[in-house]
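Welcome! Below are some exercises to work through with the sequence and the structure at hand. Try each task yourself before you read its solution.

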Amino acid sequence: VINSSAIRIGYGIKTTNMKRLGFDPPCGVLDPNEAVLLAVSCVAFAYGQEDTNNDRITIEWTNTADGAAKQFRREWFQRDVMVRRKNLPIEYNQHSTHGINTVFRATRLTMTSEVPHDSALVEAATAKELLC
């Protein structure tokens, strides 16, 4: 995840299946042009025997408050500000290795304060709250 804007941003991750999917780190703060590598983990499950059609991951980001420390604050997303969202599709792999299902292909996400928000919001698929 890359912050390509000239403004410090806070980001958090949402998912529709918190029991199956995990993230490290699940939230954070990025300075301009800073990047972070996110690890996504998936609990093994019986592929094809469970409904995975609504499993989604969304990364949300917003500008931090003026003068804010570089520490994530959930309140940033609850202010009257623009929160941008990027919906990431999940492609489960039916072949697991050592009991771990592959979640999705590597995706590079560039976050910027100039890009309009994604219209395919995960909230429409009953996403859970930010994981932080």
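**Exercise 1. A warm-up on exposure**

Is Arg73 buried or partly exposed, and what is its relative accessibility?

Solution. Start with the ground rules: this is a predicted model, in which local features need pLDDT of at least 70 and side-chain atom pairs count only at pLDDT 80 or more, while totals for chains, interfaces and linings use all residues. Residues are numbered from 1 along each chain as its sequence is written, and side-chain values use heavy atoms, with hydrogens and water left out.

Next, take the cut-offs: buried means under 20% relative accessible area, exposed means over 50%, and partly exposed is in between (1.4 Å probe, protein chains only). Arg73 has 41% relative accessibility, so Arg73 counts as partly exposed.

Now look at its partner. Arg73 forms a salt bridge with Glu75, and the closest N and O atoms are 3.5 Å apart. Here a salt bridge is a side-chain nitrogen of Lys or Arg within 4 Å of a carboxyl oxygen of Asp or Glu. Glu75 is also partly exposed, at 41%.

**Exercise 2. Following the charges**

Find out how many salt bridges the structure holds, and work out which parts of the chain Glu60 and Lys14 tie together.

Solution. Begin with the idea that side chains of opposite charge can pair when their charged atoms come close. The structure holds eight salt bridges.

Step one: Glu60 and Lys14 form one of them, with 3.2 Å between the closest N and O atoms. Because Glu60 belongs to strand E6 and Lys14 to strand E2, this pair ties together parts that are 46 residues apart in sequence. Strands (E, at least two residues) and helices (H or I, at least four) are DSSP runs, numbered from the N terminus. Both ends are covered: Glu60 is buried at 3%, and Lys14 is buried at 11%.

Step two: turn to Glu50 and Arg20, whose side chains meet in a salt bridge at 2.3 Å, N to O. Glu50 sits in the loop between strand E5 (39-42) and E6, and Arg20 in the loop between E2 and E3, so this pair links parts 30 residues apart in sequence. Glu50 is partly exposed at 37%, whereas Arg20 is buried at 7%.

Step three: look for a network. Arg8, Asp31, Glu34 and Lys70 are linked by salt bridges.

**Exercise 3. Pairs of rings**

Describe how the rings of Phe45 and Tyr92 are arranged, then do the same for Phe72 and Phe77.

Solution. A pair of aromatic rings is described by the distance of the centres and the angle of the planes. Rings of Phe, Tyr and Trp (its six-membered ring) pair if their centres lie within 6.5 Å; planes under 30 degrees apart count as stacked, over 60 as edge-to-face and the rest as tilted.

The structure holds three aromatic pairs. Phe45 and Tyr92 are edge-to-face, with 5.1 Å from centre to centre and 85 degrees between the planes. Phe45 lies in the loop between E5 and E6 and Tyr92 in the loop between E7 and strand E8 (110-111), so the pair ties together parts 47 residues apart in sequence. Both Phe45 and Tyr92 are buried.

For Phe72 and Phe77, the centres are 5.8 Å apart and the planes stand at 40 degrees, so the pair is tilted. Phe72 and Phe77 are buried, and with Trp76 they form one aromatic cluster.

**Exercise 4. The nonpolar interior**

Which residues have the most contacts inside the largest nonpolar core?

Solution. A nonpolar core is a set of buried Ala, Val, Leu, Ile, Met, Phe, Trp, Tyr and Cys residues joined through side-chain atoms within 4.5 Å. The largest one has 15 residues, and Leu21, Ile57, Ile59 and Tyr92 have the most contacts inside it. Strands E2 (9-15), E3 (21-24) and E6 (57-63) each give two or more residues to this core. Apart from it lies another core of six residues, among them Cys27, Phe72, Phe77 and Val83.

**Exercise 5. A loop residue**

Where does Thr16 lie, and which backbone oxygen does its side chain reach?

Solution. Thr16 lies in the loop between E2 and E3 and counts as buried at 14%. Its side chain reaches the backbone oxygen of Asn54 at 2.6 Å. A polar atom of the Thr16 side chain also lies 2.8 Å from the backbone nitrogen of Arg56.

Key
A polar contact is a pair of N or O atoms within 3.5 Å; within protein, one must be able to donate a hydrogen and the other to accept it, and residues adjacent in sequence count only if both atoms are side-chain atoms.
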